[in-house]
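Here is a colleague's note to read beside the structure, written as numbered points. Please keep the model open and look up each residue as it comes up.

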Amino acid sequence: NSAVARCEGKILCFVDAGLTPLSTDWLGEMIGFAIQPGIGAVGAKIVSRHHTVSGTALVLSGRSGALTAHEGLPSEAPGSMFRNLLVGNYSAVAFTCAAIRRELFIEAGGFDETGFPECMFDVDLCLRLLTRGYRVVYTPHAELQSASGYRAAFRTAEPSDSERNLFFERWGSMIGKDPFYNPNFSSNDGRFSIRLE
């Protein structure tokens with residue numbers, strides 16, 4: 001929020017310092033979606049040094065409330081219905097690498113740094129955009145790689161108890177009812193695998 005207050009750009013792009021772009025047009029790809037009137041936020045594909053998916057779109061499911069879509073799949077694996085390789089709508093994207101129009105960031109109130117100081121602030125912001133009628137888009141054509149030993153500054157593995165409680169208080173009615181994630185898929189991971197339990 002403080003960085004946004006100090007800049008004047010019409011498009012904000014949040015990029016974690018531990019990432020290296022794998023394509024020359026990654027930023028243009030994200031901006032091309034972010035400037036469209038009906039789109040709120042745009043997220044990129046983050047891959048590990050072993051070229052497996054470590055960050056992308058997020059689905060509303062699981063104990064923490066949000067799971068990383070396609071996590072652990074090889075970067076070029078199609079996944080369910082080729083969704084790992086296709087641009088698509090999701091309920092949220094990780095702000096490890098994401099773009100948003102400045103006006104929308106301000107309209108939505110920015111990150112809730114009081115309620116979500118360490119984690120879930122990106123999901124919370126995306127859901128506020130979604131409830132305002134904006135789409136949240138993931139593009140696999142903006143691909144960045146995480147360094148060895150990388151740990152995302154924008155996301156921790158698990159939210160704190162207070163963050164989890166506030167998130168479920170605010171958005172609990174949507175958990176497990178993600179319009180972009182079939183309720184018959186597993187709530188243990190975001191790989192779009194059939195629920196067997």
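**Notes on the model**

1. At 0% relative accessibility, His-70 counts as buried, because the cut-off for a buried residue is under 20% relative accessible area. This model is a predicted one, and His-70 should be read with that in mind as a residue in the loop between strand 6 (67-68) and strand 7 (88-90). The backbone at His-70 also deserves a look, since phi there is near 65°, a positive value in a residue other than glycine.

2. Which other residue that is not a glycine has a positive phi, of about 55°? That residue is Met-81, and its place is likewise in the loop between strand 6 and strand 7. Is Met-81 buried or exposed? With a relative accessibility of 70%, Met-81 counts as exposed, whereas His-70 is buried at 0%.

3. Turning to the overall fold, the secondary structure of the protein consists of five helices and ten strands. The radius of gyration is 16 Å, close to the 16 Å that the globule rule gives for 197 residues, so the protein is as compact as a globular protein of that length. Taken along the principal axes, the box filled by the C-alpha atoms is roughly 50 × 40 × 35 Å.

4. Of the 197 residues in the protein, 50% are buried. Among the contacts with a separation of 6 or more, 74% come from residues 24 or more positions apart. The surface that the protein exposes is about 9300 Å², and carbon and sulfur atoms supply 54% of that area.

5. As for charge, the protein carries 18 positive and 21 negative side chains, and the centres of these two sets lie 2 Å apart.

6. Why can helix 4 (residues 121-131) be called largely enclosed by the rest of the structure? Nine of its eleven residues are buried, so the description follows from that count. The buried residues include Phe-121, Val-123, Leu-125 and Leu-127, and also the charged residues Asp-122, Asp-124 and Arg-128. Just after helix 4, Gly-133 takes a positive phi of about 95°.

7. Leu-129 is a useful residue to follow, as it is found in helix 4 and is buried, with a relative accessible area of 0%. Leaving aside residues up to four places away in sequence, Leu-129 touches Gly-40, Ala-41, Ile-100, Leu-104, Ala-108 and Tyr-134. Leu-129 and Ile-39 are 90 residues apart in sequence, yet their C-alpha atoms are 8.9 Å apart in space.

8. How many disulfides does a search of the whole structure find? The search finds zero. Cys-97 is in no disulfide, and the nearest cysteine sulfur, that of Cys-13, is 4.9 Å away; the pair does not count because a disulfide requires sulfur atoms within 2.5 Å. Cys-97 is itself buried, with a relative accessible area of 1%.

9. Cys-126 is in no disulfide either, and for this residue the nearest cysteine sulfur is that of Cys-97, 13 Å away. Cys-126 is one of the buried residues of helix 4, and its relative accessible area is 0%.

Terms used. Residues are numbered from 1 along each chain as its sequence is written. This is a predicted model: local features need pLDDT of at least 70, side-chain atom pairs count only at pLDDT 80 or more; totals for chains, interfaces and linings use all residues. Side-chain values use heavy atoms; hydrogens and water are left out. Helices (H or I, at least four residues) and strands (E, at least two) are DSSP runs, numbered from the N terminus. The radius of gyration is taken over C-alpha atoms; the globule rule is 2.2 Å times the number of residues to the power 0.38. Buried means under 20% relative accessible area, exposed over 50%, partly exposed in between (1.4 Å probe, protein chains only). Contact means heavy atoms within 4.5 Å. Accessible areas come from the Shrake-Rupley method with a 1.4 Å probe; for residues, only the protein chains shown count as cover. The place of a charge is taken as NZ of Lys, CZ of Arg, CG of Asp or CD of Glu.
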